Amino acid sequence: MKPKAILIDTKDNVATAFQELKAGDKVTVALGGKETATVLVQDIPFGHKFALSAIAPHQPVMKYGEAIGLATQPIKAGEHVHVHNMESQKGRGDK
């Protein structure tokens with residue numbers, strides 16, 4: 001069975017969708033012999049991230065084993081993670 005999402009590093013608190021996913025879907029990702037199952041609370045577009053666990057405001061969003069930004073509001077497990085609820089800590093070039 002083709003995986004629905006990928007977990008890139010064991011430190012990550014988000015996974016990336018390999019296909020369009022729907023709210024209510026149970027998505028399981030595996031890495032290093034450990035599986036994590038998450039029930040989605042929102043639709044997740046192809047290529048977008050979703051939280052594997054709750055992320056508190058100002059806490060790092062972890063992908064590739066590195067912080068890619070900070071949560072700007074509480075993010076629930078299974079919620080879409082994107083520019084509406086996180087901000088990059090890297091220079092965006094538009095300011």
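Trainee: Where along the chain is the place of Glu20?
Mentor: Glu20 sits in the loop between β2 and β3, the latter covering residues 26–31. Helices (H or I, at least four residues) and strands (E, at least two) are DSSP runs that are numbered from the N terminus. Before going further, note that this is a predicted model, in which local features need pLDDT of at least 70 and side-chain atom pairs count only at pLDDT 80 or more, while totals for chains, interfaces and linings use all residues. Residues are numbered from 1 along each chain as its sequence is written, and side-chain values use heavy atoms, with hydrogens and water left out.

Trainee: Is Glu20 buried or exposed?
Mentor: Glu20 counts as exposed because its relative accessibility is 54%; exposed means over 50% relative accessible area, buried means under 20%, and partly exposed lies in between, with a 1.4 Å probe and protein chains only.

Trainee: And which residues is Glu20 in contact with?
Mentor: Once neighbours within four places in sequence are left aside, Glu20 is in contact with Ile44, Pro45 and Phe46, where contact means heavy atoms within 4.5 Å. A polar atom of the Glu20 side chain also lies 3.4 Å from the backbone nitrogen of Phe46. That pair can be read against the definition of a polar contact, namely N or O atoms within 3.5 Å, where within protein one must be able to donate a hydrogen and the other to accept it, and where residues adjacent in sequence count only if both atoms are side-chain atoms.

Trainee: How far apart in space are Glu20 and Gly69?
Mentor: From C-alpha to C-alpha, Glu20 and Gly69 are 23 Å apart, with their positions 49 residues apart in sequence.

Trainee: Switching to Asn13, where is the place of that one?
Mentor: Asn13 belongs to the loop between β1 (5–6) and β2 (14–17), and Asn13 is classed as buried because its relative accessible area is 13%.

Trainee: What does the side chain of Asn13 have a polar atom close enough to list?
Mentor: A polar atom of the Asn13 side chain lies 2.7 Å from the backbone nitrogen of Met62, and a polar atom of that side chain lies 3.1 Å from the backbone oxygen of Pro60. Not counting residues up to four places away in sequence, Asn13 touches Phe50, Ala51, Leu52, Ser53, Ile55, Pro60, Val61 and Met62.

Trainee: Which residues does Thr38 touch?
Mentor: Outside the residues up to four places away in sequence, Thr38 touches Asp25, Lys26, Val27, Phe50, Ala51, Leu52, Ala77 and Gly78. Thr38 is found in strand β4 (residues 34–39), and with a relative accessible area of 4% Thr38 is buried.

Trainee: What about Gly32, buried or exposed?
Mentor: Gly32 is exposed, with a relative accessible area of 78%, and Gly32 lies in the loop between β3 and β4. The C-alpha atoms of Gly32 and Ser88, which are 56 residues apart along the chain, are separated by 27 Å.

Trainee: Which phi value does His58 have?
Mentor: His58 has a positive phi of about 70 degrees although it is not a glycine. Its place is in the loop between β5 (49–51) and β6 (60–63), and His58 counts as exposed at 63% relative accessibility. Tyr64, likewise not a glycine, has a positive phi of about 65 degrees; Tyr64 is found in the loop between β6 and β7 (66–71) and is exposed, with a relative accessible area of 52%.

Trainee: Zooming out, how many helices and strands does the chain have?
Mentor: The secondary structure comes to 0 helices and 9 strands. Buried residues make up 34% of the 95 residues, and among contacts with a separation of 6 or more, 44% are accounted for by residues 24 or more positions apart.

Trainee: Why does the radius of gyration agree with a compact globule?
Mentor: It agrees because a compact globule with 95 residues would have a radius of gyration near 12 Å, and the chain has 13 Å; the radius is taken over C-alpha atoms, and the globule rule is 2.2 Å times the number of residues to the power 0.38. The C-alpha trace spans about 45 × 25 × 25 Å along its principal axes.
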